[in-house]
Amino acid sequence: MDLNGKKIAILAANGFEQAELEVPRDRLTKVGATVHVVSLAAGEIKGWDKKDWGRSVKVDKTLDEVAVDDYDAVVLPGGQINPDLLRVEPKALKFIKDIFDAKKVVAAVCHAPWLLIETGIAKGRRMTSFKSIKTDVANAGAKWEDAEVVVDQGVITSRNPGDLEAFSGKIIEEVKEGRHSQRSAA
């Protein structure tokens, strides 16, 4: 699969689950996509690696420097801290919602479906997430499924780091497929 010419934003803040940013980033880059780590501020963001702070990752662009038209997809890594920090940031939520409204791919893993709840994207969709936020997802009006990856009209969700190969593969497939013109709001 070849994603040459495709651009993907990975939106993250401090406390992202290490593998949930690095595995999709590396898989997408390997198939030719241009991948930018986008965050709230310039510099670096620090990962969370299972039970303690992990490695830092360079921020390629801030939210102020990006536009929806620049990207074919947004990937949202989980971890508990990262999506909780992002879901109170209007610019982050607007970027995610604008990508969705442009009928582009939105991919969220682990606790990142909190961002799909906050933007209203979850309502009426088939989704999965980390098991501890299953009730949050269901209460937001989504149909929660216990599966390694769930796709609903270009909205991709996965449960945890053990699902990252399937998650990354599905992102590649959906970006290759292009815009989801049949996507409807709930």
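In what order do the strands of the open sheet line up? Reading across, the order is β6-β3-β1-β7-β8-β12-β11, which makes 7 strands with mixed pairing. Keep in mind that this is a predicted model.

**The sheet and its edges**

Strands of a sheet pair through backbone hydrogen bonds, and they can do this in a parallel or an antiparallel way. Now look at the two ends of the row. β6 and β11 (149–152) each have a single partner strand, so one side of each is left without a neighbour in the sheet. For β11, follow the pairing with strand β12 (residues 155–158): the two run antiparallel and share 4 bridges. If you want one spot to find on screen, start at Val 149 and look across to its bridge partner in β12, Ser 158.

**Rings meeting rings**

How many aromatic pairs does the structure hold? There are 2, and here they are next to each other:

| Pair | Centre to centre | Angle between planes | Type |
|---|---|---|---|
| Trp 48 and Trp 53 | 5.0 Å | 80 degrees | edge-to-face |
| Tyr 71 and Phe 95 | 6.2 Å | 85 degrees | edge-to-face |

Why are Trp 48 and Trp 53 called edge-to-face? Their planes stand at 80 degrees, and anything over 60 counts as edge-to-face.

Next, where do the partners of the other pair come from? Tyr 71 lies in the loop between β6 (61–62) and β7 (73–76), while Phe 95 belongs to helix α3 (residues 90–101), so this pair ties together parts that are 24 residues apart in sequence.

Are these rings buried or exposed? Tyr 71 is buried, at 2% relative accessible area, and Phe 95 is buried too, at 5%. Trp 48 is partly exposed at 24%, and Trp 53 is partly exposed at 41%.

**Charges over rings**

Tyr 71 turns up again here: the charged end of Lys 7 sits over its ring, 5.6 Å from the centre. Over at Trp 114, the charged end of Arg 87 takes up a spot over the ring, 4.2 Å from the centre.

**A nonpolar patch**

Which residues form a nonpolar patch on the surface? They are Trp 53, Ile 81 and Leu 85, with about 260 Å² of accessible area together. So Trp 53 has two roles in this tour: it pairs with Trp 48 and it belongs to the patch. Ile 81 lies in helix α2 (residues 81–86). With a relative accessible area of 32%, Ile 81 is partly exposed; that fits the patch rule, which asks for over 30%.

Conventions: Residues numbered from 1 in each chain as written. Predicted model: local features only at pLDDT ≥ 70, side-chain atom pairs only at ≥ 80, totals over all residues. Heavy atoms only, no water. Patch = residues over 30% accessible without salt bridge, like charges linked within 9 Å, V, L, I, M, F, W, Y side chains within 5 Å. Areas by Shrake-Rupley, 256 points an atom, 1.4 Å probe, with all protein chains shown as cover. Salt bridge = Lys/Arg side-chain N within 4 Å of Asp/Glu carboxyl O. Buried < 20%, exposed > 50% of the residue type's maximum accessible area, 1.4 Å probe, protein only. Phe/Tyr/Trp six-rings, centres within 6.5 Å; stacked < 30°, edge-to-face > 60°. Lys NZ or Arg CZ within 6 Å of the ring centre and 35° of its normal. Pairing = 2+ DSSP bridges.
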